[in-house]
Amino acid sequence: MSDSETETVDFWFDPLCPWAWLTSRWMLEVEKVRDVRTVFHVMSLSVLNEDKDVPEEYREMIQVGWGPVRLAIAVEQQHGQQALRDFYTAIGIARHPGGREFGPTLYEEVLAEVGLPVELAAAADDVSLDDAVRASHADGIDRVGQEVGTPVISVGGVAFFGPVLSPAPKGEDAGRIFDGARLLAGYDGFFELKRTRTRDPIFD
């Protein structure tokens with residue numbers, strides 16, 4: 001199949017979210033077994049929840065969350081889509097399986113790891129990037145509605161929240177689950193599919 005026939009899946013993430021991380025790892029597995037290319041986009045739990053009545057501990061967390069989304073936007077603006085994918089993989093490994101906290105030291109380490117200028121870490125505090133963060137966030141959330149969080153994916157032009165998976169499926173399992181997601185997305189009347197989570201994120 002030629003590149004022009006490769007299916008594009010748009011995927012919105014916040015580096016803060018462990019569920020988005022797992023969904024992203026699933027999509028990278030899907031790319032190995034289906035002719036699919038995932039295009040990564042930034043969304044922001046900080047933007048999503050800024051006007052909501054949330055517990056103080058969560059509000060503190062999403063305030064910190066501005067740093068990595070600003071940095072992700074700066075990486076994409078200055079170095080492109082592949083650099084964003086690489087950056088997200090590196091910071092996600094450090095944050096989720098690795099348990100690292102967001103901050104200047106981590107940002108510089110991750111940037112160096114993926115071959116980007118460590119000076120770019122200053123973007124985490126650059127409020128001039130907030131409009132671009134909001135625009136990327138709005139692009140995703142406007143496709144799916146306000147009653148959701150991260151991740152958001154768009155398959156065949158139909159966007160929905162999730163899927164929320166733990167652990168991320170691998171190999172042909174990943175492909176079959178994607179086939180099911182594509183099938184649901186292809187039905188005009190599909191809107192919602194959800195059950196209560198009974199496990200924490202499993203990083204493997």
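Helix α5 is covered, at its buried residues, by partners that include β1 (7-13), α1 (18-33), β2 (36-42), α4 (66-79) and α6 (104-113). Covering here rests on contact, meaning heavy atoms within 4.5 Å, and helices (H or I, at least four residues) and strands (E, at least two) are DSSP runs numbered from the N terminus. The model is a predicted one, in which local features need pLDDT of at least 70 and side-chain atom pairs count only at pLDDT 80 or more, while totals for chains, interfaces and linings use all residues. Residues are numbered from 1 along each chain as its sequence is written, and side-chain values use heavy atoms, with hydrogens and water left out.

The buried residues of α5 are A83, L84, R85, F87, Y88, A90, I91, G92, A94 and R95. Buried stands for under 20% relative accessible area, exposed for over 50%, and partly exposed for anything in between (1.4 Å probe, protein chains only). What about the span of helix α5, residues 81-95? With 15 residues at 1.5 Å a residue, helix α5 should span 21 Å, and its end C-alpha atoms are indeed 21 Å apart, so the two agree. The expected span is 1.5 Å times one less than the number of residues in the helix.

One of the partners on α6 is easy to pick out. V110 lies in helix α6 and counts as buried, at 2% relative accessibility. Leaving aside neighbours within four places in sequence, V110 is in contact with F87, A90 and I91. From V110 to Y88 the C-alpha distance is 9.2 Å, with their positions 22 residues apart in sequence. Past the end of the helix, H96 sits in the loop between α5 and α6. H96 is buried as well, with a relative accessible area of 10%, and touches P15, L16, C17, P18, W21 and F203, not counting residues up to four places away in sequence.

Now for the sheet. Four strands make an open sheet in the order β2-β1-β3-β4, with mixed pairing. β2 and β4 stand at the edges with a single partner strand each, so one side of each is left without a neighbour in the sheet. From one strand to the next, the twist averages 20°; the axes behind such angles are lines fitted to C-alpha atoms (for helices, over the stretch in contact), and angles run from 0 to 180 degrees between N-to-C directions. Strands of a sheet pair through backbone hydrogen bonds, either parallel or antiparallel. Two strands count as paired if DSSP finds at least two bridges between them, and β1 and β2 pair in the parallel sense over seven bridges. Within that pairing, F13 has V42 in β2 as its bridge partner. β2 is mostly covered, with five of its seven residues buried. The chain goes from β1 through α1 to β2 in a right-handed β-α-β crossover; right-handed means that, with the strands pointing away from the viewer, the path from the first strand over the helix to the second runs clockwise.

Turning to charges, the structure holds twelve salt bridges, each being a side-chain nitrogen of Lys or Arg within 4 Å of a carboxyl oxygen of Asp or Glu. In α1, E29 forms a salt bridge with K32, and their closest N and O atoms are 2.9 Å apart. The two residues lie three apart in that helix, about one turn. An α-helix has 3.6 residues a turn, so residues three or four places apart point the same way. E29 is buried, with a relative accessible area of 14%, whereas K32 is exposed at 63%.

Other bridges reach across the chain. R34 forms a salt bridge with E172, the closest N and O atoms being 2.7 Å apart. This pair links distant parts of the chain, R34 being in the loop between α1 and β2 and E172 in helix α8 (residues 171-185), 138 residues apart. E172 is partly exposed, at 36% relative accessibility. Both R34 and E172 belong to a network of salt bridges that links them with E7, D179 and R182. K170 forms a salt bridge with D204, with 3.0 Å between the closest N and O atoms. That pair, too, links distant parts of the chain: K170 is in the loop between β4 (158-161) and α8, and D204 in the segment after α8, 34 residues apart. K170 is partly exposed, at 43% relative accessibility, and D204 is exposed, with a relative accessible area of 68%.
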